[in-house]
Amino acid sequence: MIPEPSPSASDAALLRRYRQGDAAAFGELYARHRQGLFRFLLGLCGEQALAEEVFQETWLSLIRTDSDIRQQVQFKTWLYQIARNRLIDHWRRQGRKTALHDSYDEAEHGRADPAAGPEQQLSFSRDQQRLAAALADLPAEQREVFLLRAQGDLELHEIAELTATAQETVKSRLRYALQKLRRLLGEPATIEEKSA
Amino acid sequence: MSTRPPADQPHLAEEALEAQLLTHFRQHSQGEPSAELDARILAAGTAEALRAKPAQGGWQNWLQRLLAPSGMAALAGVACVGLAVSLTWRTLQEPAAQMPLEVSQPMSAPIPEPVPAAASAPAPVTEEAAAFSDSLPAADSSMASSSTANRAMAKREAPVAAQRSAERTAAAPAASEPAKKSLLLPADPPVQMMAAPAGASSEELAKAKSSAPSLEDSLRQLRQLRESGQQDAAAALLVDLQQRYPQRDIEAELLRLPR
């Protein structure tokens with residue numbers, strides 16, 4: 001049974017308690033981050049089995065390591081970084097080339113979408129398949145930044161630290177990702193709205 | 001889900017749109033780890049916590065017990081026992097160091113008469129010294145093996161020592177206890193004997209000792225040199241004898257040497 005997450009204690013305090021033998025603290029940490037971390041992995045790789053494998057490795061890595069987190073690093077950043085590195089390691093073992101470390105032209109993927117201006121009335125499809133498809137349509141770097149922001153609820157500077165990327169680059173990737181998602185998800189609604 | 005962002009503030013509108021999209025995405029995202037995976041991870045985490053708990057609690061409890069009043073009393077008790085054992089050990093070691101002297105007495109030649117403390121410095125190498133060297137604790141096998149050579153040398157010098165002892169007895173009949181004690185010790189062993197290498201065998205030592213002229217022979221040689229007018233050679237021999245027997249008055253020994 002997964003315990004209900006409670007906002008009373010910080011992640012660092014919970015981890016400290018867990019290192020001192022408090023199993024309940026681990027349960028609370030797990031409840032806080034299980035869903036966001038799993039969806040981040042699933043959004044990145046698109047495979048339930050692989051997401052579960054990396055998810056488990058990530059938590060076991062946390063369990064088995066004795067080191068505490070440095071004060072400067074948030075627990076969540078650390079956790080997502082472990083998960084990301086594990087997934088990249090898995091892709092490398094499989095011989096799959098990941099775009100997460102490849103350089104690419106930001107501008108190529110960041111063409112302004114004239115249909116996605118601030119004035120546009122947004123209406124998003126609730127179709128899960130369309131959400132997944134829209135996400136899969138994003139370049140890997142933009143998808144990663146968007147998932148870290150949406151599922152991990154990380155701030156831009158945390159994403160920049162996690163991905164070892166400049167904060168401005170992270171900001172632009174997120175902006176392009178949002179523009180594209182708005183276009184991909186909003187168009188039918190806009191059409192529906194216009195037609196109505 | 002259709003809100004219209006303010007057109008006059010594009011920056012705020014952009015943020016509002018971002019927030020809307022993120023919220024929408026969070027609300028409608030799917031994907032959960034399986035219940036089995038949850039259970040596996042939680043079990044692993046709990047097991048690790050239980051494993052860490054006794055290990056850490058163990059030494060913490062031990063420390064707490066130690067710092068408690070009863071623990072301090074136990075610690076003080078252990079310290080007292082250690083101190084007592086140390087003192088006992090030291091007390092046992094001191095008689096053990098003196099015991100060979102006492103044991104060696106019946107085995108040695110008769111103890112000479114006590115002499116005054118002032119005259120006890122140039123003690124001769126006698127049978128007592130040989131016996132003493134025999135009775136030393138056998139810390140080193142070479143020391144034990146050298147006892148034969150020591151005894152041989154002591155026998156060579158025994159007549160001189162007996163004569164000197166008789167003279168001293170006549171001069172000073174009363175003797176104090178420290179003086180008695182000093183007689184038990186090999187007060188003036190030859191320098192060569194003391195400087196013998198630890199690894200030398202008894203044969204080598206005996207050979208070395210027999211090849212070196214005795215004090216009496218050396219004194220006779222010194223006298224002959226002086227009488228024959230070889231003052232330089234006599235002086236060199238005197239210096240050599242003084243180095244070999246630093247606690248003896250060579251000139252006095254020379255005067256006492258019978259012709």
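What follows is a conversation between a visitor and a guide about a predicted model with chains A and B.

Visitor: What makes up the secondary structure of chain A?

Guide: Chain A has nine helices and zero strands. Read along the sequence, the pattern is α-α-α-α-α-α-α-α-α.

Visitor: And what does the secondary structure of chain B come to?

Guide: Chain B has 12 helices and, again, zero strands.

Visitor: How do you know how confident the predictor is about chain A?

Guide: Look at the pLDDT, the predictor's confidence in each residue, on a scale from 0 to 100. For chain A the mean is 79, and 71% of the residues reach 70 or more. Two stretches call for care. Over residues 101-122 of chain A the pLDDT is below 50, although the stretch has 39 contacts in the model beyond near neighbours in sequence. Residues 188-196 of chain A also have a pLDDT below 50, with 10 such contacts.

Visitor: What is the average pLDDT of chain B?

Guide: Chain B averages 65, and 43% of its residues score at least 70. Residues 101-109 of chain B have a pLDDT below 50, with 13 contacts beyond near neighbours in sequence. Over residues 116-150 of chain B the pLDDT is below 50 too, and there the model has 85 contacts of that kind. Where pLDDT is low, the predicted coordinates should not be read in detail.

Visitor: Which scores does the model as a whole get?

Guide: The model scores ipTM 0.76 and pTM 0.48.

Visitor: Why is A:Asp153 called exposed?

Guide: A residue is exposed if 12 or fewer other C-beta atoms lie within 10 Å of its own. A:Asp153 has 12 C-beta neighbours inside 10 Å, so A:Asp153 counts as exposed. You will find A:Asp153 in the loop between α7 and α8 of chain A. A:Asp153 also has a positive phi of about 55 degrees, although it is not a glycine.

Visitor: A:Glu155 lies in the loop between α7 and α8 of chain A. Why is A:Glu155 called partly exposed?

Guide: Partly exposed is the class between 12 or fewer C-beta neighbours, which is exposed, and 20 or more, which is buried. A:Glu155 has 15 other C-beta atoms within 10 Å, so A:Glu155 is partly exposed. The C-alpha atoms of A:Glu155 and A:Thr77 are separated by 9.7 Å, while the two residues are 78 apart along the chain.

Visitor: What about A:Ala164: why does that residue count as exposed?

Guide: The cut-off is 12 or fewer C-beta neighbours. A:Ala164 has 8 inside 10 Å, and therefore counts as exposed. A:Ala164 lies in the loop between α8 and α9 (167-195) of chain A. Phi of A:Ala164 is near 55 degrees, a positive value in a residue other than glycine.

Visitor: How many residues count as buried in each chain?

Guide: As shares, 37% of the 196 residues of chain A count as buried, and 18% of the 259 residues of chain B do.

Visitor: What makes a group of residues a nonpolar core?

Guide: The members must be buried residues of the nonpolar kinds, joined through C-beta atoms within 7 Å. The largest such core has 48 residues, and those with the most contacts inside it include A:Leu37, A:Phe40, A:Leu41, A:Tyr80 and A:Ala83. Helix α2 (residues 23-45) of chain A gives the largest share, 10 residues. The core draws at least three residues from each of domain 1 (11-93) and domain 2 (117-195) of chain A. A second, separate core of six residues includes B:Leu215, B:Leu219, B:Leu222 and B:Ile250.

Visitor: Which residues is A:Ala83 in contact with?

Guide: Leaving aside neighbours within four places in sequence, A:Ala83 is in contact with A:Leu37, A:Phe40, A:Leu41, A:Val54 and A:Thr58. Contact here requires C-beta atoms within 7 Å.

Visitor: How do α1(A) and α2(A) pack?

Guide: Helix α1 (residues 11-19) of chain A and α2(A) pack at an angle of about 145 degrees, with their axes 7 Å apart. Their crossing is left-handed. In α1(A), residues including A:Leu14, A:Leu15 and A:Tyr18 meet a set in α2(A) that includes A:Ala25, A:Phe26 and A:Leu29.

How values were computed. Residues numbered from 1 in each chain as written. Chains lettered and ligands numbered in written order. Predicted model: local features only at pLDDT ≥ 70, side-chain atom pairs only at ≥ 80, totals over all residues. Helix = DSSP H or I, 4+ residues; strand = E, 2+ residues; numbered from the N terminus. Domains from an automatic or database assignment. Contact = placed C-beta atoms within 7 Å. Axes fitted to C-alpha atoms, helices over the stretch in contact; angles between N-to-C directions. Left-handed = near helix turned anticlockwise from the far one by under 90°.
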